[in-house]
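Reader: Hey, could you walk me through this one? I'm new to reading structures, so plain words please.
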Amino acid sequence: MQLKTILGLVSVGMGALALLSCVDLPSTAPEFPDFRSQTRFINAETGQVSVLLEQTVGAGLSSFAANIDPQGDTGYRDVPAGDRLVKLAADPDTTLLAVNADAKLTVVIFPRAAVSETRFRGYQERRTFDSVPADTAQVRFIAAALSAASYDIVNASDTTVVASGLALRGSSGYVSLAPGNYTFGVVETDSTTILATAPAVTLADGKRSTVIVFGTAASLALKNFQDD
Amino acid sequence: MYRRKDMSRRFLNVVALLMLLVAPSWLLAQNGKIRGKVSDRETGDALPGANVVVVGTTLGAATDVNGEYFIFNIPAGIYSLKSSFIGYRDVTFSNVKVSADLTTGLDFQLPSEALEVSEIQIVAERPLVNRSATNAVRIASAEVFEKLPIRGTQAIFGLQPGVVVQNNNIFIRGGRDDEVGFLVEGATARNIDNGDNAVAVIPEALEEAQIQAGGFNAEYGGANSGIISQTFRSGTPNFHARFQVESDQFPGQDPGDKKLDSFSYGYEDYVLTVSGPIYKNRIKGFIALERLVFDDAQRVVWTGLDVQQVVNQLLADPATRATMLQLNQANLVLDANGDPVTDADGNFLIKDSGDRGGDPTDIFPRFNAVPGNIPDFSRRNTLNATLSFDFKPLLFRFSAASTFQEDRLTSFFADFRPLLYLLNQQRFGEQEQSTNLFTGKLTHVLTNNTFYEVQVNYFDQRRKQFDPNFGDNYLLYDDSLAVAEALGPEIAANYRGIHQGPAEFDIFRFPFTRPGAKMLNFFKQSQNYISGNVDFTAQVKNHALKIGGNVERWTSRLLSTVGAQGQLELLRQRPDLARAIRNGPSDPLYRDALLRWRRAANVNAFGYDVFGNEVDDDSALNDGPKHPTFGAVYIQDKFEAGDLVINAGLRFDYFDFDQSIPRDLAEPAFDSQDRDVPLSDLVTPDAKTEISPRLGFAFPVTDRTVFHVQYGRFVQAPQFLNVYAGRGVQALNYTGANFILNPRVAEELDPITTIQYEIGFNQALTDFAAFDVTAFYRDVKGQLQVRLQSTPSGADARAYQIFQNQDFATTKGLEVSLNLRRTQRVAAAINYTFSDAQATGSFPNSSIGATSLADPIPTVVSPVDFSQKHRGSITFDYRFARGDGGPFLERLGLNLLFTFNSGHPYTRSGGGPAQQGPDEGGILNNTDPRGRQALENIGASTTPWVSNLDFRVDKTIALGPIDAIFYVYVQNLLNTKSVLNVYQRTGNAEDDGYLSNPDLSALTVAGSGPAYVELFKIVNLQNRQHWWNNNTGGSNEDLFSTPRQFRFGVSFEY
C-alpha cells in the first residue's frame, strides 16, 4: 500500500468535499402565505344576531359568532383573508365579503328595510403592519341607524363639525384629532340640534377609534369602539 | 398526449441486432495504441516473440512472425516502453506520447547480448508527422500548454487551427457555437440547452485535449463542426504532488489602484494535485482540486463614474452653470436666489427629478464607481479525479469532474448596465451552478488483440439564480415587509407599495436604481443524463475493427420568471388563490390560481409546476420534464498496412427530441383567455434516425510527406433552448401579442446535417520542423431558422414566430500549422486559418427582424457574424534545460504568444431611436431589431483586425526533491485596446453615432443640457452600458478586448 498516495488523495478529497457541493435546488415551491385578517362584527340590528361565515372557499358556512347583542361586537377575531361568504343565521341570503390580507376590518351588520339592501359592509381599519401616526388620534364615524336622513358628527362641547353628510352605511374615514377627551354628538346635516351624544371617550395618542350611530331616526345612539 | 412509440422500439431492435452481429470486435475512444516492429539491430531481421511492455502497467504485447506488435487500450499519456528478447539486450524508450484514438509508431532495434552494451535507454522524440490520422487532429498536451501565458481550457482551444473564439463562444470551421461537441473522459460534457461546454477541467488535470475540427471517426457523433475531447491524467507509477498558487494582485494593491498601468481583478487561483500508486502499480489515483476566485469577474475596460464630480466640474464653469440652471432645475437643489446649494464639503446637491416616479425631494447619494473594477465576483471550486484499477484482464477506470461555482450578478433581470445599479448592491443577485460528471469504465481484455469495454456515465448540472437576502423564497423578493426586515426600514421606505418597488432615480435623464429594488426573479434549472457505452475492439491482421454503441437519456427541468411583482400582488389581492396553492390541486381554486400565476409573469416551467414544485409527468396543468434521448451504433475499420491507412466507418444515430408540438401549426388550439394549450392538442413527433458514412485515407507520398483525405457526414440535435417551453409560454407565442426574440416554439425538427470534405498533408521539413496543411469544405443543412407561421383569418392564434430546419451554411477554409520541435533551446509553433463561412443565418434567431416583414424569409447567403477570415497564433518558447546556461539561466523559460485575427462581419445599419429612452440614445437594439434598417448587404462590413501579445517567464529551482517554479505571465502585454465589436450605426467602437448625429440627438441634448451629454459619454461611450444592455454584456460580449493583466505564481512539484 502506498500510504503517501492514499494520504494525499484522501486529503485532497476531503478538501474537495469541503469546497464542493451540488446546488441545493429546491424540489418544492416556498410555502405560500395563508393571509389572515383581524375582523370584528358589530351588530347595528335591533335584536341579537348570529353570524355564519365560510372560512375557506368551498368549505361551507359555519358559525362564526352567536347571539351578538344589539350595539355589541365580537371583538377582533382571526379570519382567513379573501372573499368570505357570510350570512346571518336568521337570513336566507348570503353576502360575499372582501376581507383583505393583513388587515384589521370592522364589519357592520346593518338593519335593513328591505331584503335587497346590503346587510354587511366592511370598513378597513389599517394593514396590521402599518403603524398608527404618532402625536395624533384618529376617529371615524359610521352611520348605521335605519334612517333616510343624513347626519353630521359634532364635538358636543363646541358643536364644531367633525364629520358631515353621513347617510346609512356611510363612513367618514379616519379624522385626525388632537389626543384628548371628546364627547361626540350627532346632528342632522345642516342642523345644530344634537340628537344624541356618545359617552365621553378618550382618544389616545397614536390610537384609532370608530364611533357608530345606531338606532333609528327617532332614536339615535352613539357608541365608541376602540380600533387599536 | 398522443405519443408514437414504434420508432423507439425499432431503434432498440436495431441496436440489439447490430450488437449480436458484431459481438467479437469493438473499440472505444479515449485510449490510444502503439504499434511497431522489433528487429535485430545488426541484421535488421524481425524478431518474432519479442516482448514489448508499457513500463509501470500490465499492458504489453509479443511480436508476431513479422516482428510486429500492437498494444491497445493505452490511456492517453506519456509512457516508457521496454522491449526484451532472449539473447538480446533490453531497449527502453521513455517519453513516448500516446494520444487518444491515434496510433503511435515505435520500432525497437535490439542489440545482441554478444555486444558489450548494457541496457539501452532512449528518450523518444515525438513524431512530427502522425501517419495514422486520416483527419486533422490537433492535440493540446499538458507539456505544451503549461508553458503558455494563458490559462483555462477555452484559451487553449482558441489557439488551435480552425477554432474561433468570439464573444466567449467557440466556433469550429464556421459552424454555429452549438455545433461543437465536448467530451470529457469519453462522456458528453455539453449543455443541451445552449450547446456550451458544461464541465470545467483544471488545466493541471488535463492529460491532453484533442480538437478534431471535423472528419472525426464514426464513433463520435452529436456534433457537426468539431469535437473537443478532454482526457484527464491517470495516476502515475510514482507519487507526485503539486501545489500552485496564482494571483494578479501586486502587494498593497486595492481595487481601483493601478500598478504598471494595470488593475487587479482580485484574481486568485489555487491548484493542488496528487498522483500515484495506491496498491502496487495496479491501483493508481489522480486528483486535482482548484479554487478560482475573481473579485471582479468582468475584466473589461472600465473607467468608473462619479456623478458628483461631473456635476461639480460642470457647475464650476460659468457657461455650463447657466445652462444647467436653466435646464436642470429638477435635478439641482436651489436656494431662494435660484443658486445651487452645496453640502458641507462644497459638493453641489443633486436630487431626483421625479420623472421616473420617485420622490423629487430625494437627494441623490454620492457613489463612486471606481475605475477598473465592477463589484461582482466569481468563485469556482473544481475537482477532477481518476482512479484506475489494472487487474488484467479486467481494467477499471473511474473519473469524476465536479464543479461548484457562485457568481454575483450585476445585471437587473436580463439587463446588463451595472453602472446604473451600483446604489443597490445589497440586492445584487447571485447565481450558483454545480456540475458533476462521473464515469466508470470496465475493460475486459479477452486476448492480446481483443477487448471490450463498458462505460456508464452520469451527468448532473444545476443552476439557480436568487436574491441572497431571501434565498429560494422568491415570495419575499418583492415584499417590502421582508425587505424592511432584511435590509432595514430605511431601505424599505423606498417602496411605493407593499409589492411596488422603488422608482429609479432620474438623474439628468439617466435611471439609477434606488436601494432595495429587486434585481432578479428566481430561476432554477437542472439537466442530467445517464448514458452507457459498449464497445468492442479487435485487431485482425491490419484491421483495427471497432464496433460500439451508446445510449444517452436526459432529464431537463426549468423554472423561470417566478416571483415577479405581478404575481405577488395577485396573491395579496386574491388571498384565496394563495391558500389554494397551499392546499394543492384538490382546492377548487387551484386551477384558477395556477393559470393566473402563470399569466402574471409568463412563467416558463417544465419539470416543475409554475410555483416550483417538481413534477414528473405531463398533466392538464403542468409540463413534465423533457427527456431527449440519443442513441447510436457504429462500426469503424481502421486498416493500417505499412504507411497506408484507410479509416472507414458507418454510424447510425437515433434522436428522440421529446418535442411537444401542436397538431396543426396553422391553427394551434389554445385558450387565449387562460393562455393555456390543451394537452390533447400536442403531439410528440417520431424519433429521427440518420446514417452517416465516414471515410478517410492517409498515405505517404515520400518519407517525409503524408497525405490524408476525409469525407464524412455528421448529424446532431439542435440546441434545445429553442425547442422546449412550458405551455404558458407556447400560448403566449400564439397570441402574437408580444415581440419575442426567442420564440421557444419549434415545428417538428430534424437533426442538422453536415457533409464535410477534407484534404491535407503533413510535411516534415527537417528532423525538427514540420508543417501541416489542411483544406476543408463543409456543407451544413437544416440549421434552425425562425420563420413566421401564418394562421387563418379569424383563428384564435395570430401569426407567430416558430423555429424550423431551414438555414444552410457553407464553409471553406485552409488550415496551416508549422511546428518547430525544441532544438537547442527554442520551440515554436505557428498556426494560421483562412476560412470563409457563409450562411443564410448566423444564429437561429438571426432572421427574427425579417419575420415581421416577409413570409417566407428571404434566402440570402452572407458571411456569418463569427466568420474571422484570417486567424492565427505564433508561439515562441525559449528555455534552458537542466544543467544548461549556468545557475541563473538553468531551467529558465520565456514564452511569447502572439495571436491575431481579422475582424468579423457586421452590417452597417440605421434607424431611429425607436423605443429607446434618452439614457440609451440611438443604440440599435439587438433584442428588438424591427426598427433597424440595414444600409448594406448583410455582413458586408468587417470589424478591425485584432492582435494580442502575451508573455510568460518562469524559473525552476530544485529544493531537494521538490521543484519550485516561479513564474509571471502578462496577458495583453502591450495593453492594446483592441476593438472586438463596433456600433452598427458608425462602424466604430468609440462612437455610437448618437451625440455626433444632431438628427438623432439634438432635441434631447437641447432639452437636457451638458450634464446629460457628459453622463452619456461616461456611461454609454466610455463604459458601454447601453451596448452591453443590448448584447450579452460585460466580458461575455464587449466592444474592447481585456486590458493588461499581470499574474504571478509559484508552483511546488514533488
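Author: Sure, one term before we start: a contact means heavy atoms within 4.5 Å. In chain B, residues 24 or more positions apart account for 71% of the contacts with a separation of 6 or more.

Reader: Is this from an experiment or predicted, and how are things numbered?
Author: This is a predicted model: local features need pLDDT of at least 70, side-chain atom pairs count only at pLDDT 80 or more, and totals for chains, interfaces and linings use all residues. Residues are numbered from 1 along each chain as its sequence is written, chains are lettered from A and ligands numbered from 1 in the order in which they are written, and side-chain values use heavy atoms, with hydrogens and water left out.

Reader: Cool. How many helices and strands does chain B have?
Author: Chain B has 17 helices and 53 strands. Those are DSSP runs numbered from the N terminus, with helices being H or I of at least four residues and strands being E of at least two.

Reader: And what about chain A?
Author: Chain A has 1 helix and 18 strands. Its radius of gyration is 27 Å, well over the 17 Å that the globule rule gives for 228 residues, so chain A is more spread out than a compact globule. That radius is taken over C-alpha atoms, and the rule is 2.2 Å times the number of residues to the power 0.38.

Reader: What does the globule rule say for chain B?
Author: For 1054 residues, a compact globule would have a radius of gyration near 31 Å, and chain B agrees with its 31 Å. The C-alpha atoms of chain B fill a box of roughly 115 × 75 × 55 Å along the principal axes. For chain A, that box is roughly 105 × 45 × 25 Å.

Reader: How much of each chain is buried?
Author: In chain B, 60% of the 1054 residues count as buried. In chain A, buried residues make up 47% of the 228. The cut-offs are under 20% relative accessible area for buried, over 50% for exposed, and partly exposed in between, using a 1.4 Å probe and protein chains only.

Reader: Switching topic: how many residues touch between the two chains?
Author: 55 residues of chain B are in contact with 40 residues of chain A. The two chains bury about 3900 Å² between them, with 69% of that on carbon and sulfur atoms. Buried area here is the accessible area (1.4 Å probe) that two parts lose on being put together, summed over both.

Reader: Which residues of chain B lose the most area to chain A?
Author: They are B:Arg572, B:Arg579 and B:Arg582, together 16% of what the chain B side buries.

Reader: Ooh, arginines. Any oddities in the backbone?
Author: A few to look at. The peptide bond from B:Lys392 to B:Pro393 is cis, with omega near 15°. You'll find B:Pro393 in the loop between β25 (378-391) and β26 (394-409) of chain B.

Reader: What's up with the phi of B:Asp261?
Author: B:Asp261 isn't a glycine, yet its phi is positive, about 60°. B:Asp261 lies in the loop between β19 (258-259) and β20 (262-263) of chain B.

Reader: And B:Asp658, where is that one?
Author: In the loop between β35 (644-656) and β36 (661-662) of chain B. B:Asp658 has a positive phi too, about 55°, although it is not a glycine.

Reader: Is B:Asp658 buried or exposed?
Author: B:Asp658 is buried, with a relative accessible area of 10%. B:Asp261, at 42% relative accessibility, counts as partly exposed.
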